Amino acid sequence: MGIVLSIIVPVFNEEGSLPELCERLVRAAETTGRGYEILLVNDGSRDRTYDIMKELREKHGTVRVVDFDGRFGQHAALLAGIIMSRGELVCPIDADLQNDPGDVIPMLEKLEEGYDVVKGVRVKRMAPWLRKRYSFIANKVLRLLVNHEVRDYGCHFGVYRKSLFRGLIDKGRMPKHILLYAFRRGVKMAEIPVKDLKRRDTSRYKFLSLLKIFMEVVMTFLIYSKKGYAFFEFWLVMSYVNLALVLVMSLAAVFDRLSASVASAALFVLLALGLGQLLAHLMVRKHILEYDMEFGGKPPYRIREILG
């Protein structure tokens with residue numbers, strides 16, 4: 001039986017959850033009746049995770065192991081998994097047991113209705129109250145910006161047709177925000193409810209980290225949407241207005257049309273606004289350059305060992 005489904009698991013210090021996760025993934029995948037593989041990508045774990053991965057490889061012939069030579073990040077691990085996958089469908093899932101592997105089954109059934117992507121919507125979330133409020137606000141803001149009725153932008157657990165990424169990977173590129181890329185491609189996407197289970201450990205994403213990720217996603221959506229173009233055109237006009245006001249205030253101060261105190265205060269405010277606009281411009285430029293992970297044939301990770 002040929003491989004149809006590739007389940008990709010980025011792993012970092014998951015010795016406590018990995019054995020159970022793998023057993024549950026195997027049971028769920030066997031139930032689908034499709035050929036499958038499970039790719040465990042070790043992103044520089046410092047505990048016994050890699051030893052456990054090798055044991056799982058010996059126990060299950062459908063498990064493949066990729067070991068990075070260092071820590072390169074979750075996105076790099078996901079990229080490696082997609083590149084090395086053999087199936088026409090890819091399913092990224094976290095290793096912390098917060099997602100239920102059994103939810104892959106209804107996702108595959110929904111995909112057969114003609115969708116390109118079927119992703120999860122977390123229901124009855126087990127996260128702390130503050131985390132749930134953050135997620136609620138983030139989803140509201142992103143729906144407003146994107147004008148797309150995705151209910152849960154924070155859940156990438158789903159099934160994606162590999163053809164969605166093949167052209168980019170062949171060119172040495174990979175989108176950092178998979179859902180944004182899907183919107184730009186105009187793919188047919190559906191969402192189904194999935195379980196949100198209690199984590200076995202504490203989240204590695206603290207509030208400030210989540211805020212940073214949210215701002216990066218908002219910035220990317222703004223840059224690559226019609227609303228974003230209008231916003232940045234307005235921001236550019238205001239930059240020129242700000243520069244003109246600085247020149248006018250400077251000339252007025254030179255020719256004694258304004259008192260020194262008023263001129264100084266006004267110039268301080270305008271220069272502060274100008275600095276803010278400059279920083280915003282640099283942030284936009286950074287995100288434009290980093291929207292796609294450019295690797296030009298040289299992936300942004302080093303592999304120490306591949307098993308399977």
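Here are some short exercises on the structure above, each with a worked solution.

The model is a predicted one: local features need pLDDT of at least 70, side-chain atom pairs count only at pLDDT 80 or more, and totals for chains, interfaces and linings use all residues. Residues are numbered from 1 along each chain as its sequence is written, and side-chain values use heavy atoms, with hydrogens and water left out.

**Exercise 1. Get an overview**

Task: Find how many helices and strands the protein has, and what percentage of its residues is buried.

Solution:
- Step 1. Begin with the secondary structure: there are 10 helices and 10 strands. Helices (H or I, at least four residues) and strands (E, at least two) are DSSP runs, numbered from the N terminus.
- Step 2. Turn to burial, where buried means under 20% relative accessible area, exposed over 50% and partly exposed in between (1.4 Å probe, protein chains only). Of the 308 residues in the protein, 46% are buried.
- Step 3. Look at contacts, meaning heavy atoms within 4.5 Å. Among those with a separation of 6 or more, 81% are between residues 24 or more positions apart.

**Exercise 2. Lay out the sheet**

Task: Work out the strand order of the eight-stranded open sheet, and say which strands stand at its edges.

Solution:
- Step 1. Strands count as paired if DSSP finds at least two bridges between them. The order is β8-β5-β6-β4-β1-β2-β3-β10, with mixed pairing.
- Step 2. β8 and β10 each have a single partner strand, so one side of each is left without a neighbour in the sheet.
- Step 3. Angles run from 0 to 180 degrees between N-to-C directions, using axes that are lines fitted to C-alpha atoms, for helices over the stretch in contact. With direction ignored, neighbouring strands of this sheet are turned by 20° against each other on average.
- Step 4. Zoom in on β2 and β3, which run parallel and are joined by five bridges. Here N42 stands opposite D67 in β3.
- Step 5. Add the helices. α2 packs on the sheet, touching β1, β2, β3 and β10, and its direction makes about 155° with that of β3. α3 lies across β1, β2, β3, β4 and β10, running at about 160° to β1.
- Step 6. Nine of the 11 residues of α3 (residues 74–84) are buried, so this helix is largely enclosed by the rest of the structure. Among the buried ones are H75, L78, L79, I82 and M84.

**Exercise 3. Trace the nonpolar cores**

Task: Identify the residues with the most contacts inside the largest nonpolar core, and the element that supplies its largest share.

Solution:
- Step 1. A nonpolar core is a set of buried Ala, Val, Leu, Ile, Met, Phe, Trp, Tyr and Cys residues joined through side-chain atoms within 4.5 Å. The largest has 36 residues, and L5, I7, V9, L18, I38 and L40 have the most contacts inside it.
- Step 2. Several elements supply at least two residues each, including β1 (3–11), β2 (35–42) and α2 (49–59). The largest share, six residues, comes from α1.
- Step 3. Take L40 as a sample: leaving aside neighbours within four places in sequence, its contacts include V9, L18, M53, L56 and V63.
- Step 4. Another core, of 11 residues, lies apart from the largest one; V117, Y160, F165 and V187 are among its members.

**Exercise 4. Follow the aromatic rings**

Task: Classify the ring pairs that F68 makes with F72 and with Y301.

Solution:
- Step 1. Rings of Phe, Tyr and Trp (its six-membered ring) pair if their centres lie within 6.5 Å; planes under 30 degrees apart count as stacked, over 60 as edge-to-face and the rest as tilted. A search of the whole structure finds two such pairs.
- Step 2. F68 and F72 have ring centres 5.6 Å apart and planes at 85°, so this pair is edge-to-face.
- Step 3. F68 and Y301 are stacked, at 4.9 Å centre to centre with 15° between the planes. F68 is in strand β3 (residues 63–68), while Y301 is 233 residues away, in the loop between β9 (292–294) and β10 (303–307).
- Step 4. Compare burial: F68 and Y301 are buried, whereas F72 is partly exposed at 27% relative accessibility.
- Step 5. Put together, the ring pairs link F68, F72 and Y301 into a cluster.
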